[in-house]
Amino acid sequence: MAAAAAMAALCRRLTGALRLPAARPGSAAAGLAGLTLNLFHKNLAKVEPLHQLKFVHTTVSRKGLEEFFDDPRNWGEKTVKSGDAWNIKQLRGKSSEDLHKLWYVLLKEKNMLLTLEQESKRQLRPMPSPERLEKVEKSMKNIDLVVREREVALRLLQTGHEKPAPGEWRHDFLGRTYWY
Amino acid sequence: YPLFQLGGPQLRIFRPNFFMLAVRPGVPQPEDTVQFRVSMEMTKVDIRNYLEKIYNVPVAAVRTRIQYGANNKRNHKNQRVKKPDYKVAYVQLGQGQTFQFPNLFPEKEQDTETRSFDDFKNKYMEREKQRQKGDPRRGGVPDWFGL
């Protein structure tokens, strides 16, 4: 939880460095394939233009609890369009910082979808586009796999072992095999 | 969580897999209280940090309880079916913020396609009902009565 502060600081620095174009209203599905580094474009578009913009104005996301819910334009719709899940090959091309940020974007999206699911059960209505949940979960699993692969590779280079802790296969008195 | 010993490093979780969903409170709550369902392993400290760092929401107080899911429903094989347990967190927002759970299913006006389809359906149902009714001159009496 404490490392999320480092992530927020990174994001603040990066949003300052990125010069983004006007907001794209079409990308309603945050965190799914097709969205590159324009993660916080919606928030930058909300900044009121000052008369003399001589300094770089950066904002971190100012949304708060609204992030638990979808875009208000999508409330009450029967279906919500969303892109495909992130592929492992696509994720392997991203840097670790990007993967870290993507993880949190996907986590917030998952929280939003879970709130929508619970609310739809409460109101006895069908949930619009439940396949988004599966896509998000698959993407998160893929990110986890890629990060683990990189960790293993780093550990092999540094120490020569794959696993962080030593272990071996053993047989108990019944002959069953287990890892210890 | 791994055990913390004095002088050891602070536990950091880099990619938390904990979910947290906002729910509509069943019992009316005060204005600044938000009700969440969180994963069972989260503590009050965890929830506070999660909301403050990831969602940028100021948190004044957190109270948690575990809701037991019932185990007395039975399926077709007469086995008991358990509803999953979950942890409920009541979070009071700082800085005087208030929160009302929004209506996520507002009435939207139907487009012409759905409206015409609904009209078609209603007309078809009326026609079927008219066909089911017998001779109107018999006054509702079924036609398996003699004469």
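# A tour of chain B and its contact with chain A

Of the 147 residues in chain B, 25% count as buried. The model is a predicted one. Start by colouring chain B by secondary structure: 2 helices and 6 strands should appear. Read from the N terminus, the order of elements is β-β-α-β-β-β-β-α. Turn on contacts within chain B between residues at least 6 apart in sequence, and 51% of them join residues at least 24 apart.

**Stop 1: the sheet**

Select strands 1, 2, 6 and 3 of chain B. These 4 strands make an open sheet in the order 1-2-6-3, with antiparallel pairing. Strand 1 and strand 3 of chain B are the edges; each has a single partner strand, so one side of each lacks a neighbour in the sheet. Look along the sheet for its twist: neighbouring strands are turned by 30° against each other on average, direction ignored.

Now go to the pairing of strand 2 and strand 6 in chain B. The two run antiparallel and are joined by 6 bridges. Pick B:V34, and B:V91 in strand 6 of chain B stands opposite.

Next, add helix 4 of chain A. This helix packs on the sheet and touches strand 1 and strand 2 of chain B. The direction of helix 4 of chain A makes about 35° with that of strand 1 of chain B. Then add helix 1 of chain B, which also packs on the sheet, touching strand 1, strand 2, strand 3 and strand 6 of chain B. Its direction makes about 130° with that of strand 3 of chain B.

**Stop 2: strand 1 of chain B**

Zoom in on residues 20–23 of chain B, which form strand 1. Which residues cover each side? B:M20 and B:A22 lie on one side, B:L21 and B:V23 on the other, and all of them are buried. Both faces of this strand are therefore covered, buried meaning under 20% relative accessible area.

Show strand 2 of chain B, residues 33–38, alongside. The two strands run antiparallel, with 4 bridges between them. Click B:M20 to find B:V38 of strand 2 of chain B standing opposite.

**Stop 3: helix 1 of chain B**

Select residues 44–54 of chain B, the span of helix 1. Show the side chains of B:D46, B:I47, B:Y50, B:L51 and B:I54, which are buried. They span an arc of only 125° around the axis, which places them on the same side of helix 1 of chain B. An α-helix has 3.6 residues a turn, so residues three or four places apart point the same way.

What do these buried residues pack against? Their partners are helix 4 (96–122) of chain A, together with strand 1, strand 2, strand 3 (59–67) and strand 6 (86–93) of chain B.

Step just past the end of helix 1 of chain B to B:N56. This residue sits in the loop between helix 1 and strand 3 of chain B. Its phi is positive, about 60°, although B:N56 is not a glycine. At 48% relative accessibility, B:N56 counts as partly exposed.

**Stop 4: the interface**

Show both chains as surfaces. The contact draws 37 residues from chain B and 37 residues from chain A. About 3,600 Å² is buried between chain B and chain A, and carbon and sulfur atoms give 64% of that area. Label B:R15, B:Y55 and B:F105: they supply 25% of the area that chain B buries against chain A, more than any other three residues.

Switch to side chains. How many salt bridges cross the interface of chain B and chain A? The rule finds 3. For a salt bridge to inspect, select B:R15 and A:D144, whose closest N and O atoms are 2.6 Å apart.

**Stop 5: two loops of chain A**

Move to A:S129, in the loop between helix 4 and helix 5 (131–158) of chain A. A:S129 is not glycine, yet its phi is positive, near 50°. Is A:S129 buried or exposed? It is buried, with a relative accessible area of 5%.

Finish at A:P166, in the loop between helix 5 and strand 1 (169–171) of chain A. A:P166 counts as exposed, at 81% relative accessibility. Draw a distance from its C-alpha atom to that of A:Y180, 14 residues apart along the chain: the separation is 8.6 Å.

Notes: Residues are numbered from 1 along each chain as its sequence is written. Chains are lettered from A and ligands numbered from 1 in the order in which they are written. This is a predicted model: local features need pLDDT of at least 70, side-chain atom pairs count only at pLDDT 80 or more; totals for chains, interfaces and linings use all residues. Side-chain values use heavy atoms; hydrogens and water are left out. Buried means under 20% relative accessible area, exposed over 50%, partly exposed in between (1.4 Å probe, protein chains only). Two strands pair if DSSP finds at least two bridges between them. The arc is that of the directions from the helix axis to the C-beta atoms. Contact means heavy atoms within 4.5 Å. Axes are lines fitted to C-alpha atoms, for helices over the stretch in contact, and angles run from 0 to 180 degrees between N-to-C directions. Buried area is the accessible area (1.4 Å probe) that two parts lose on being put together, summed over both. A salt bridge is a side-chain nitrogen of Lys or Arg within 4 Å of a carboxyl oxygen of Asp or Glu.
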